Amino acid sequence: MPHRLTRLLAAGALSMAMVTLLAGITAANSGTTYRITITNETSGQPFTPPVLITHDPTVSVFEIGAAASEGVIEIAENGDVMPLVGALTGADGVHDVVTGPGPVKPGKSQTLEITADDGEVLSWVSMLICTNDGFTGLHGQALAAGTITTDAYETNTEINTEDFADIVPPCQALVGVTSSDAGTAMNQPALDEDGVIAAHPGIAGIADLLVDVHGWTDPVATVTIETVMPDTALTQTQGSSIPTLLLVVFGLSLISAITAMSLTRVRRPG
């Protein structure tokens, strides 16, 4: 009996140590939580699900006048957020990466929460869906409570044909202006440009896109930053951390199972 009790206590201590360790991993990337509200100020340009990043100021997500990264290009041309999320999640100098649940339609808002440590900054990227390679966002924005606006940019990686055949398919469904063109979510080498990020010239109305519907005047978005809680809070980070409560439940369940097994052995007839 003492031997079984010793093994039981040892197993329980081990399981709780596992809970403590995993909870520590969850807390390791804790920080101040910020609530970010993005409002689409256009009348006919839906945004792709926002990708928010908190990072060290030395990290550059995008910059006007510089070459666009593959992750930003994939968002601006094809509406694909995963290459940028994959490249930045866990990267040196990156604290947290959060992706919105869906598009931000014209005139609508979306609110997300993200964590950061003191001195870190915020970046954001979303495609202007009814464009060839247009996007908007923030680069290295200081995390202070307040409201800022953003303009439209382009990666200059695809000529602005304004043809639905060269634009991602959700454009037609989200805005309600359609044609027989199916659209595409693939890069088209025949339309390549120099790949240097610049201000977007706007919609010219040369093909399927309509100035009155898809056009805009800058700014295209308003971003509101609020502080939610101090940096003593435990948070989930980069969409992959395990909630501490779940870990505790797992640990207690493991202890209960071990206890039941031990009691069964104790009561077994000699």
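Q: Buried means under 20% relative accessible area, with exposed over 50% and partly exposed in between (1.4 Å probe, protein chains only). What makes α2 "largely enclosed" by the rest of the structure?
A: Eight of the nine residues of α2 fall in the buried class, so the rest of the structure largely encloses this helix. The buried ones are G71, V72, I73, E74, I75, A76, E77 and N78.

Q: What kind of model is this, and how are residues numbered?
A: It's a predicted model, where local features need pLDDT of at least 70 and side-chain atom pairs count only at pLDDT 80 or more, while totals for chains, interfaces and linings use all residues. Numbering starts from 1 along each chain as its sequence is written, and side-chain values use heavy atoms, leaving out hydrogens and water.

Q: Why is α2 called a helix?
A: A helix here is a DSSP run of H or I with at least four residues, while a strand is a run of E with at least two, numbered from the N terminus. α2 covers residues 70-78, so it passes that cut-off. Right after α2 comes G79, with a positive phi near 70 degrees.

Q: What do the buried residues of α2 pack against?
A: They pack against β2, α3 (82-88), β5 and β6, where contact means heavy atoms within 4.5 Å. The helix lies across β2 (51-55), β5 and β6, at about 35 degrees to β5 (axes are lines fitted to C-alpha atoms, for helices over the stretch in contact, with angles from 0 to 180 degrees between N-to-C directions).

Q: How do you know that β5 and β6 pair?
A: Two strands pair if DSSP finds at least two bridges between them. Six bridges join β5 (residues 121-127) to β6 (residues 134-142), so they count as paired. They run antiparallel, with V121 opposite A142, and form a hairpin with six residues between them.

Q: What makes β3 and β9 edge strands?
A: Each pairs on one side only. They sit at the ends of the order β3-β2-β5-β6-β8-β9, an open sheet with antiparallel pairing. Two bridges join β8 to β9, which just meets the cut-off, so they pair. One bridge partner there is A198, matched with E154. On the other side, E154 is the partner of G134.

Q: How do you know that confidence varies along the chain?
A: pLDDT is the predictor's confidence in each residue, from 0 to 100. The chain averages 81, and 73% of the residues score at least 70. Over residues 1-28, though, pLDDT is below 50, and it stays under 50 over residues 231-270.
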